[in-house]
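This report describes one protein chain, taking its internal spaces first and its overall fold later. The sequence and structure are shown below.

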Amino acid sequence: MPRITDGDGTPVPQRLLAAATRLFAERGYDRTSVQEIVEAAGVTKGALYHYFGSKDDLLHEVYARVLRVQQERLDAFADADEPVEKRLRGAAADVVVTTIENLDDASIFFRSMHHLSPEKNKQVRAERRRYHERFRALIEEGQRTGVFSTATPADLVVDYHFGSVHHLSTWYRPDGPMAPQELADHLADLLLRALRP
């Protein structure tokens with residue numbers, strides 16, 4: 001059985017994911033070999049196949065781990081005992097920050113999703129849809145209660161916000177003039193301005 005951790009205690013699956021994420025972001029999924037991933041992670045091919053059945057499984061996990069984090073955080077905002085405007089603003093800003101914190105993953109997400117097997121692609125799309133539906137439910141709650149305008153359909157408001165989020169990996173630079181939270185606040189404010197009655 002492969003070693004679970006390396007000398008500094010990092011679990012092998014995390015090392016493999018970190019190496020794969022970096023290489024997929026730099027070179028592209030299709031131009032990265034399994035051999036390059038295991039060399040970068042400092043493990044054997046046997047270790048990779050022990051934890052991940054294939055390179056496709058690694059790509060799927062890149063998507064799944066960010067979606068899991070973002071879904072958990074959105075659920076926490078949505079379930080909080082606060083006014084809907086505050087919950088939506090928190091969720092809208094948080095998805096920006098978590099996307100920036102995982103910029104390589106976001107870049108891979110949109111460049112390489114078509115490389116997933118049809119079954120895994122369907123799974124990722126279902127997870128994304130669940131996230132968007134929970135986000136949309138906050139908007140609909142505010143529209144139902146008169147806090148938000150109903151002039152723009154909730155689906156269009158969701159597409160508007162996530163269009164901005166999905167393009168972050170094409171232009172945002174961590175060493176640029178705007179810190180992640182500052183940008184997140186601006187985008188969340190834009191969203192709420194669009195919903196004012």
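The lining of the largest cavity is made up of 11 nonpolar, 5 polar and 2 charged residues. The model is a predicted one. This cavity has a volume of about 220 Å³, and of its 18 lining residues, Leu-67, Gln-70, Thr-99, Phe-109 and His-166 are the closest to its centre. Two or more lining residues come from each of α4, α5, α6 (103–112), α7 and α8. Helix α4 provides the largest share, 5 residues. The structure holds 1 cavity of 30 Å³ or more.

The largest pocket holds about 210 Å³ of space. Its lining consists of Arg-125, Arg-128, Arg-129, His-132, Glu-133, Arg-136, Asp-155, Val-158 and Asp-159. The elements that contribute two or more of these residues are α7 (118–144) and α8 (154–166). Helix α7 gives the most, with 6 residues. By class, the pocket lining has 7 charged residues, 1 polar and 1 nonpolar.

The two spaces are set out together here.

| Space | Volume | Nonpolar lining residues | Polar lining residues | Charged lining residues |
|---|---|---|---|---|
| Largest cavity | about 220 Å³ | 11 | 5 | 2 |
| Largest pocket | about 210 Å³ | 1 | 1 | 7 |

**Nonpolar cores**

The largest nonpolar core has 31 residues, and those touching the most other members are Leu-88, Val-96, Phe-135, Ile-139 and Leu-168. At least two residues of this core are supplied by each of α4 (55–79), α5 (84–101), α7, α8 and α10 (180–195). Helix α5 gives the most to the core, with 9 residues. Beyond its neighbours within four places in sequence, Leu-88 contacts Phe-135, Leu-138, Ile-139, Phe-148, Leu-191, Leu-192 and Leu-195. Another core, of 27 residues, lies apart from this one, and its members include Leu-23, Leu-58, Ile-108 and Val-124.

**Annotated spans**

An unreviewed UniProt entry assigns "domain: HTH tetR-type" to residues 10–70. This span is 77% helix and 0% strand, and its end C-alpha atoms lie 23 Å apart. For "DNA-binding region", UniProt lists residues 33–52, again in an unreviewed entry. Residues 33–52 are 75% helix and 0% strand, with 14 Å between the end C-alpha atoms.

Is Ala-18 buried, partly exposed or exposed? Ala-18 belongs to helix α1 (residues 12–27). Its relative accessible area is 45%, and the range for partly exposed runs from 20% to 50%, so Ala-18 is partly exposed. A distance of 26 Å separates the C-alpha atom of Ala-18 from that of Ala-91, which is 73 residues away along the chain.

**Overall fold**

The protein chain contains 10 helices and 0 strands. Its C-alpha atoms fill a box of roughly 60 × 40 × 30 Å along the principal axes. Of its 197 residues, 46% are buried. Among contacts between residues at least 6 apart in sequence, 69% join residues at least 24 apart.

Methods:
Residues numbered from 1 in each chain as written. Predicted model: local features only at pLDDT ≥ 70, side-chain atom pairs only at ≥ 80, totals over all residues. Heavy atoms only, no water. 1 Å grid on protein atoms, 1.4 Å probe; cavity = no way out; pocket = protein on both sides within 12 Å on 5 of 7 lines; lining within 4 Å. Points joined across faces, edges and corners; volume = space filled by probe spheres on them. Helix = DSSP H or I, 4+ residues; strand = E, 2+ residues; numbered from the N terminus. Nonpolar A, V, L, I, M, F, W, Y, C, P; charged D, E, K, R; others polar. Core = buried A, V, L, I, M, F, W, Y, C linked by side-chain atoms within 4.5 Å. Buried < 20%, exposed > 50% of the residue type's maximum accessible area, 1.4 Å probe, protein only. Contact = heavy atoms within 4.5 Å. UniProt positions renumbered as here; feature names shortened; annotations may be inferred.
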